[in-house]
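Work through the following exercises with the sequence and the 3D structure side by side, and try each task before reading its solution.

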Amino acid sequence: MDILIRKETEADRFETEAVTRRSFWNKFGPGCNEHLLVHTMRGKSSWLPELSRVAEVDGHIAGVIMYFKAKIIKPDGSEMVVPSFGPLCTDHAFKNRGIGAALLEATLPLVREAGWSGVIIFGEPEYYPRHGFVRAGSLGLTDMEGHARDPFMAWESTPGSLRIPGGKFNEGDIGDGLTGEALEKLEQEQPYEFLMKAIRPCLWSYENACDEKDGYHLMYAVQSPRAFDSMFRTYVEELSRYDPALKDHDADEILRELREDVTKARYLIMAGGETAGLLVTSVPVSEEEAKEDGCGNYLEEIWLRPEYRGRGIAADIFRRYLRQQKTDTGFCVIPGNPAKDVWLGLLDREGYEYSLRPGEEDLLFCHIRNGKERKQEKNED
């Protein structure tokens with residue numbers, strides 16, 4: 001596959017925004033506004049088009065990186081302008097093919113050549129260190145609230161060029177104008193494709209992308225696909241003890257289907273910097289499918305390596321998933337799997353109403369009624 005890294009042209013603008021929209025849809029919340037960020041960024045003096053690039057594959061925009069001016073406020077009150085970037089994204093059809101890495105490898109040298117001291121971002125703490133980023137806190141930097149959590153990272157053009165003890169990072173005006181009204185207007189004006197809105201469990205955020213709060217965090221599998229694939233094969237092998245039919249399934253074929261299905265979100269559960277388990281969720285492909293099944297989101301898979309069980313991690317993720325749902329949801333279980341009783345017991349303890357019915361391939365499908373609606377109806381009674 002040939003990847004062409006180049007500047008965006010005016011003719012690319014709609015496709016660039018559409019790629020960004022598909023890449024971030026339902027990632028941080030229902031829908032997304034990253035395409036609005038791209039749309040508004042081009043009209044701001046803080047945008048850095050000389051550093052920003054798109055990746056073209058076979059005549060189509062496959063990835064995007066947009067740079068903008070941010071600043072470090074030094075202890076003496078003076079300011080130092082420094083580039084940041086966001087979004088950096090790859091279209092779903094081209095993920096795990098090195099496009100994000102190619103965009104970084106093409107643009108970070110441009111930062112150095114232009115005389116900038118480096119780049120500061122908020123991003124995946126397991127991914128960006130592969131490209132020379134370090135924890136910004138190790139350079140004495142914090143965000144405006146004085147925090148220096150793992151996702152706060154920096155890339156230096158030369159060693160020590162961003163070592164500013166007591167410096168505070170400010171993203172500037174890049175987020176101005178990202179209102180609900182502006183987003184609705186853009187959605188109405190542009191012929192974007194229809195995508196279902198959904199709430200993913202344990203959504204990535206600056207605050208929860210490290211182990212500080214819960215002893216674990218979730219990382220999107222696209223940041224470490226080999227680790228996810230290896231763990232998924234182990235997961236299928238374990239489940240085959242309870243469902244012999246799984247021995248007839250090719251785990252690699254299932255993985256290929258997961259990668260190609262844009263309705264599914266794949267996560268690695270991280271604990272102490274190690275891969276502790278996996279999580280897969282999905283949303284209906286259309287409103288019609290949601291009405292037919294009577295459910296919104298689905299919890300497809302949740303699994304922990306044996307050494308991480310008994311810590312309450314899976315139960316915590318399951319509870320959080322349930323509490324985030326605004327519609328009915330569901331999951332399938334193997335009848336002979338001891339985990340079935342664990343999950344159903346948790347539903348009983350949490351007070352959820354649910355029903356079981358036969359699913360595909362001798363599985364049981366658990367249909368869970370939305371808790372908020374149930375509590376509201378009880379209060380009305």
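**Exercise 1.** Which residues have the most contacts inside the largest nonpolar core, and how many residues does this core have?

*Solution.* Begin with the source: this is a predicted model, in which local features need pLDDT of at least 70 and side-chain atom pairs count only at pLDDT 80 or more, while totals for chains, interfaces and linings use all residues. Residues are numbered from 1 along each chain as its sequence is written, and side-chain values use heavy atoms, with hydrogens and water left out.

A nonpolar core is a set of buried Ala, Val, Leu, Ile, Met, Phe, Trp, Tyr and Cys residues joined through side-chain atoms within 4.5 Å, where buried means under 20% relative accessible area (1.4 Å probe, protein chains only). The largest such core has 31 residues, and those with the most contacts inside it are Ile269, Ile317, Phe318, Leu322, Phe331 and Leu347. Its largest share, seven residues, comes from helix H8, a helix being a DSSP run of H or I with at least four residues, numbered from the N terminus.

**Exercise 2.** Explain why Cys32 forms no disulfide with Cys89.

*Solution.* A disulfide is a pair of cysteine sulfur atoms within 2.5 Å. The closest cysteine sulfur to that of Cys32 lies in Cys89, 9.3 Å away, which is too far for a bond. The structure as a whole holds zero disulfides. Cys32 is itself buried, with a relative accessible area of 10%, and Cys210 also counts as buried, at 3% relative accessibility.

How values were computed: Buried means under 20% relative accessible area, exposed over 50%, partly exposed in between (1.4 Å probe, protein chains only). Helices (H or I, at least four residues) and strands (E, at least two) are DSSP runs, numbered from the N terminus.
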